[in-house]
Structure formats: structure tokens, C-alpha cells
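Colleague: Please take one strand pairing in this model and look at it closely. Then go on to the charged contacts and the nonpolar side chains, with the cut-offs for each term.

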Amino acid sequence: MSGKYLVTGGAGYVGSVVAQHLLEVGHEVVVLDNLSTGFREGVPGGAAFVEGDIRDAAKWLDSSYDGVLHFAAFSQVGESVVKPEKYWDNNVGGTMALLGAMRDAGVRRLVFSSTAATYGEPSRVPIEESAPTAPTNPYGASKLAVDHMISSEAVAHGLGAVSLRYFNVAGAYGKFGERHDPESHLIPLVLQVAQGKRDAISVYGDDYPTPDGTCVRDYIHVADLAEAHLLALAAAESGEHLICNLGNGNGFSVREVIETVRRVTGHPVPEVTAPRRGGDPAVLVAAAEVARERLGWRPSRTDLADIVADAWAFAQRRGN
């Protein structure tokens with residue numbers, strides 16, 4: 001059965017891919033984005049677009065909506081350290097306003113874009129949802145605060161909500177891909193070197209306790225991620241806040257990513273070893289059994305070369 005959904009932050013990377021998936025299965029989609037980090041051309045064709053802030057969601061949200069998918073957050077870890085007030089104001093204050101608008105409109109289904117940054121430095125991997133949450137930066141702390149807010153809303157007001165804690169999202173889906181400014185994610189940064197837009201890729205630390213000495217991360221294709229959001233809408237139950245990790249359960253090192261980019265693109269990728277960055281755990285890999293059991297979700301695009309190839313195709317289209 002088709003429904004009507006508000007996608008906050010739907011002009012951004014993940015939000016736009018999720019909005020496109022919703023449209024493809026016949027849902028009506030309204031994208032709400034203030035374009036502070038998103039792009040107008042990123043809004044999928046067929047979706048209605050409202051340029052506005054989530055603090056003002058009450059202006060547009062009404063009982064005709066079946067649910068909200070919430071992506072409107074600032075997500076630069078480094079920036080959150082030097083401008084924490086920006087993250088508390090938007091990510092927490094903005095979400096509080098959104099929850100109030102949903103409550104007033106009687107919209108009782110929410111899927112929230114959370115993050116593995118809520119866990120901080122894990123004591124063991126793969127990381128399960130029951131792991132202690134100890135964020136090491138204001139970005140992760142703001143997302144954890146929102147998770148707590150959602151839990152309270154579910155108990156007190158019958159919200160049915162699912163928080164999806166992503167690990168490293170990558171790849172592209174058709175015309176939708178990563179275009180952050182500034183770019184901070186490894187795969188698009190390495191692709192910029194392959195394109196000649198960057199002289200070399202910095203490898204921050206080569207003395208970690210991993211097979212090749214570089215950090216290991218769990219990469220999930222953005223299309224697999226989008227499919228999890230649609231499944232989460234169906235799984236949301238009144239009064240419950242379900243939290244699910246989303247990842248492949250496999251880790252790839254920084255050097256494995258660089259070598260994969262060389263192989264996929266056919267271009268040399270010079271690398272420069274730099275000192276470790278503070279707060280970078282050696283290994284971050286997800287345990288995603290809850291998503292499999294409760295959502296029926298299994299990632300299907302798990303080959304790193306395929307993820308890189310999709311991202312490379314998008315980067316070339318943008319470059320041309």
C-alpha cells in the first residue's frame with residue numbers, strides 16, 4: 001500500500017537515495033531541506049520539494065502523512081568539535097521541534113538516521129546494539145541525545161520509531177552520490193586523487209593493530225542502506241523505539257580501499273603517511289543481526305570493488 005512520507009534532509013546524499021527508493025515503490029514523497037548542505041538538483045524527480053528548516057516542520061506536516069524519515073543533521077565530526085553549539089542546536093533542537101510537529105499532527109511513525117559514532121571507541125568488535133554508548137565527539141553525542149529523545153517519545157506518546165545506526169556509507173545510486181563540501185569520507189577522497197583533483201591521499205596512521213597497520217572500517221552501499229529504511233517503516237510499532245546497526249559485518253582497511261580504487265579506476269593513487277588522528281579506533285565493524293531479524297534486511301552489494309565502481313561512475317559524471 002502506498003503512503004505519503006516527509007523526508008527531512010532529502011536533498012543530501014543518503015536522504016536523496018532513500019527518497020528515490022520510496023518513489024520507485026509508489027509512495028508520495030515530500031522533501032524538506034534548507035539546502036545548507038544538500039543540493040536542489042539532488043531532490044529526486046517526482047518528489048515535492050519544500051525549502052525550509054526542520055524547526056518549522058509544523059508549517060507543512062499534517063495528518064495526511066504516514067510517517068517521517070529524518071536525515072536533516074549536520075555530520076562533520078571535526079566541525080562538531082570546534083562548533084558544538086551548531087550541532088546541539090540543529091541536530092537536537094531541530095529534532096525536538098520535529099517531534100513536536102509530528103505529535104501535534106498525529107504522525108506516529110519515524111525512521112531516524114543515527115550513526116555508529118554513538119558508540120565511540122568500542123571495547124569489542126563486531127559492535128552490537130547492546131554495546132556501551134560513549135561518543136567521542138559532539139556529533140555522535142548529538143545523535144545519541146536524539147535517540148534518547150525518541151525513546152521517551154515512544155513511551156510517552158506512542159511513537160513507532162526505528163533508529164538506524166550506519167557505519168560507513170559509500171557508493172552511488174544512479175545520479176545520486178556523495179558530494180560533501182568539504183569532503184571527509186575516504187572513498188570519494190581517494191577517487192579525487194584518481195581524478196587528478198588531489199595530489200595524494202593521506203593515510204592517518206600505519207601502526208594500528210590491524211593486518212596492514214591502517215584503520216579498518218565497515219562499508220555499506222547506499223542502496224542497501226536505503227532499502228533498510230523502507231523495511232524500517234514497515235517494522236515501526238507504536239510505543240517502541242527499535243535500534244538497528246547497519247553494516248556488512250566485514251571490514252576493509254584504508255590501504256585495501258586505496259588499492260581497490262587503483263584497480264577499479266586504472267589510475268595511480270599516491271599516498272602519504274601522516275600521524276594518527278585522535279579518536280580514530282583501529283577497527284569499526286557492525287554486528288547487524290537485529291536488522292536481519294527484525295527488519296528482514298540483508299545487504300546484497302557487499303563487494304568493495306562494486307561499491308567503489310558505483311562511486312567512481314558518479315564522480316566521473318560530476319567531473320564531466
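**A strand pair and its surroundings**

Modeller: E8 and E13 pair in the parallel sense, over four bridges. Strands are DSSP runs of E with at least two residues, helices are runs of H or I with at least four, and both are numbered from the N terminus; two strands count as paired if DSSP finds at least two bridges between them. The model is predicted, so local features need pLDDT of at least 70 and side-chain atom pairs count only at pLDDT 80 or more, while totals for chains, interfaces and linings use all residues. Residues are numbered from 1 along each chain as its sequence is written, and side-chain values use heavy atoms, with hydrogens and water left out.

Within the pair, Val203 stands opposite Thr273 in E13. E8 has two faces: Ile201 and Val203 are on the covered one, Ser202 and Tyr204 on the uncovered one.

A salt bridge joins the loops that follow these strands in the chain: the side chains of Arg276 and Asp207 meet at 2.9 Å, N to O. Arg276 is in the loop between strand E13 (271-274) and strand E14 (283-284), and Asp207 is in the loop between strand E8 (201-204) and strand E9 (216-217), 69 residues apart. A salt bridge here is a side-chain nitrogen of Lys or Arg within 4 Å of a carboxyl oxygen of Asp or Glu. Arg276 counts as partly exposed because its relative accessibility is 44%, and Asp207 is exposed at 52%. Those words have fixed limits: buried is under 20% relative accessible area, exposed is over 50%, and partly exposed is in between (1.4 Å probe, protein chains only).

Arg277 also takes part in a salt bridge, with Asp280, at 3.0 Å, N to O. Arg277 is partly exposed, at 45% relative accessibility. Elsewhere, Arg255, Glu259, Arg262 and Glu271 are joined into one network by salt bridges that share partners.

The structure holds 17 salt bridges. One of them has two buried partners: Arg165 and Asp147 meet through their side chains at 3.0 Å, N to O. This pair links distant parts of the chain, with Arg165 in strand E6 and Asp147 in helix H4 (residues 138-157), 18 residues apart. Both are classed as buried because the relative accessible area is 4% for Arg165 and 2% for Asp147.

Now the nonpolar side chains. The largest nonpolar core has 38 residues, and those with the most contacts inside it are Val14, Leu69, Leu164, Leu246 and Leu295. Among the elements that give two or more residues to this core are strand E6 (160-166), helix H6 (222-235), strand E11 (241-246) and helix H8 (289-295). Such a core is a set of buried Ala, Val, Leu, Ile, Met, Phe, Trp, Tyr and Cys residues joined through side-chain atoms within 4.5 Å. Leaving aside neighbours within four places in sequence, Leu295 is in contact (heavy atoms within 4.5 Å) with Leu164, Ala228, Leu231, Ala232, Ala235, Leu242, Cys244 and Val290.
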